[in-house]
Amino acid sequence: TNRFKVLFKTNPSVTSDGFKLSWSKKCGGVVDLSVVETGTIISPNYPKPYQPNLVCNYTLLAPGEVIHGVFEDFNIEEALAGDNRCRFDNVSLTTYRPVFMVNPFRPSMRISRWLPSMRVRSIHGVYCGNQLPQPVISFTKMEMVFSTDEFVAPKGFLFSYTVSKCGGNITSPTTISEPNSSHFRECVWFVTAPPDKVVTIKMKSMRNIFMTCNNNNIKIYDGHNVTNASSLIDTVCRTRGPGVKTRFRSSGNLMAIKFHSESFAFLHFQAAIGFTYGEKHNCGGTIHLANVSLPYLLQAPDVDGDGHYEPLLSCDWLFLAPDAHQIRASFNKLDIQNCSNCNCDVLKITDGEVDTDDSWTTMFCSSSLNGISWREKISSRGSLLVHFSSDATVELSGFQLSITTFPSLCGPSTRHATRQLQVLQSPGMDGTLIDHRVRCVWNIIVGPMGTGLLRLHFTQFNLSAPCHTNYLEITEKAPLTFGPARLNFIFALSNPVHEHKWCRSQKTNLTVINMSVQLVFEATRATPHFGFKLEYSMKGCSENYTTPYGRIRVSKYYQSFEENTCHIRIQAPASNATISLYFYFFYCTPTDSGDNKMIVYDGSNDQTQELASFCDSSQPKPIFSTGPTLYIKFLV
């Protein structure tokens, strides 16, 4: 035990000089880790042999925190025979873990989420010998008992402990990530830069299992007040996708970063914290080109006036043009550190307001423009983002960009497909000569909610070589949608693709399902009748197909068809041909009434021979007609 009691009694008959007792603390104790966050426990007399007949009780207390412990040295007497080899001398450890909730939707999945009222369970371990025990983790408290007998006494042990902290104060550039313990749901980092600098944060990676922002996110605040909603810069829950920002900065020298997750397993991230000059030193900012003299000359910050840009810069300039205008950025000078892998000084120009790594974005990592197919960049809309960052090794004279605007040739960038046929054409198809580089980006949203079937039909297509500068790129973007599916299947003669890039006279018609579509057109110049012209509309349910091959895509759940039955007829061009139907994907939810199903007939209508009828989630086998016609009926 770690306590003793002294009781002294006297009576009136005998008196004397009394007694003197000397005592000292032998071992054991209680450590409050809210006062001292780290420390060591050693066996008495370590590293010399410990004393006999010890019973040392140690308790580490850290309410609501996580304690990490590790034996750095260990040599305790061990019995050579018998079942209980630690019966002579031993170290016993009792650690505590929360009893986690069970996910009611997935009983096999435990949610690692701590609540203040949550129960804990103890885990007991007994150790001896000369092998280092495994590191231990305990929640709220940890208990150790060191017991010895009166015989053999090796040198004992050295045990180090520390408290896991989540968040904290940051005063120098560093990298932060999610806490390494499952018991933290919220952490706050308070970042303070030097008075003449601002704070930057670059979200390097993030994995959000549930892809929702409400319960798993990083909130970034301008200043140290995390309770003021007006100080919120942004809420981040992913680092990829259209319109997702990954770089942020404070307006002054203070920033707060708040991590929140319903479980440590749901949100993982890594972010780089840095300090740089702010807008008052011409490092970053938003420039409205309608309010400045053109051309606007942009160059790297030279704060001390020595003719070289500053080290450790991270500057983002966002240029905004007037309505119906595009932006042109032309190089006057480029003199930055040569770096083949772009991990030193980098100039990056992006189309739009958000940093991306698409095919248009260009990174300059040297002073040479040789090999670059253009010395100017043209935005597809009225915004352009320029980023410049530098390391601390070499600073040169920098760069200078001439920024101008011109009336847009592309028309509205967002189009809505309806049942009515609409036309989209590239600049120059009307016969106009445009003697400079052209770049247009159009987004076609299918239906009122961005879902449905879209048909693209090219009436003209003529793009000359080279294909890396003159091309049309079409990207099918599927929205994230949850809900019960009723009937959804795809069958095709070729594998569906999601990205298409065409040049010269190469083209094909497309039917896109449940997606918005982005078209990117780029050309060195727009000569008369050079480019493309297409018709687009929201595709209905029933259709006739007469081409030699193709694909058919149907999704009842994502379309509001007026009819409950869809009729598709496939007619081969040659009278002696047959039709082969291969399924790439098929899903159908059966109903008690059997209303949902797909029926395939060997002919032009439902009076011909029935080849197949089904509705389930398994992929159907291929279907072959005996003649040039196949009829498919969907009952939904």
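Leaving aside neighbours within four places in sequence, aspartate 316 is in contact with Arg247, Arg249, Gly284, Gly285, Leu385, Val386 and His387. These contacts come from a predicted model, as do all the values in this report. Aspartate 316 belongs to strand S21, which spans residues 314-320. One of its contact residues, arginine 247, also meets the aspartate through a polar contact between the two side chains, at 2.6 Å.

A second aspartate, at position 196, is placed in a loop, between strand S12 (186-192) and strand S13 (198-208). Is aspartate 196 buried, exposed or partly exposed? Its relative accessible area is 36%, and since the partly exposed class lies between 20% and 50%, aspartate 196 is partly exposed. When residues up to four places away in sequence are not counted, aspartate 196 touches Tyr277 and His281. Lysine 280 stands 84 residues from aspartate 196 in sequence, yet the C-alpha atoms of the two residues are 9.5 Å apart in space.

**Disulfides**

A disulfide is a covalent bond between the sulfur atoms of two cysteines. How many disulfides does a search of the whole structure find? The search finds seven, and the table lists three pairs among them.

| Cysteine pair | S to S distance |
|---|---|
| cysteine 27 and cysteine 56 | 1.8 Å |
| cysteine 86 and cysteine 128 | 2.1 Å |
| cysteine 339 and cysteine 344 | 2.3 Å |

In the disulfide of cysteine 27 and cysteine 56, the torsion about the S-S bond is about -90°, and the disulfide is therefore left-handed. This pair links distant parts of the chain, 29 residues apart: cysteine 27 is in the segment before strand S1 (29-32), whereas cysteine 56 is in strand S3 (residues 55-75). Cysteine 27 and cysteine 56 are both buried.

For cysteine 86 and cysteine 128, the torsion about the S-S bond is about -80°, so this disulfide is left-handed. The pair again links distant parts of the chain, with the two positions 42 residues apart in numbering: cysteine 86 is in the loop between S3 and strand S4 (90-98), and cysteine 128 is in the loop between strand S7 (120-127) and strand S8 (136-147). Why do cysteine 86 and cysteine 128 count as buried? The relative accessible area of cysteine 86 is 7% and that of cysteine 128 is 5%, and buried means under 20%.

The disulfide that joins cysteine 339 to cysteine 344 likewise has two buried partners, cysteine 339 and cysteine 344.

**A five-stranded sheet**

The model also contains an open sheet of five strands, with mixed pairing and the order S38-S40-S45-S42-S43. Which strands stand at the edges? Strand S38 (543-545) and strand S43 (609-614) do, and each has a single partner strand, so one side of each is left without a neighbour in the sheet. From one strand to the next, the twist averages 15°.

At the S38 edge, the pairing can be followed to individual residues. S38 and strand S40 (residues 565-571) run parallel and are joined by three bridges. The bridge partner of asparagine 544 in S40 is arginine 569.

Conventions. Residues numbered from 1 in each chain as written. Predicted model: local features only at pLDDT ≥ 70, side-chain atom pairs only at ≥ 80, totals over all residues. Heavy atoms only, no water. Disulfide = S-S within 2.5 Å. Helix = DSSP H or I, 4+ residues; strand = E, 2+ residues; numbered from the N terminus. Buried < 20%, exposed > 50% of the residue type's maximum accessible area, 1.4 Å probe, protein only. Pairing = 2+ DSSP bridges. Axes fitted to C-alpha atoms, helices over the stretch in contact; angles between N-to-C directions. Contact = heavy atoms within 4.5 Å. Polar contact = N/O pair within 3.5 Å; in protein donor to acceptor, adjacent residues only side chain to side chain.
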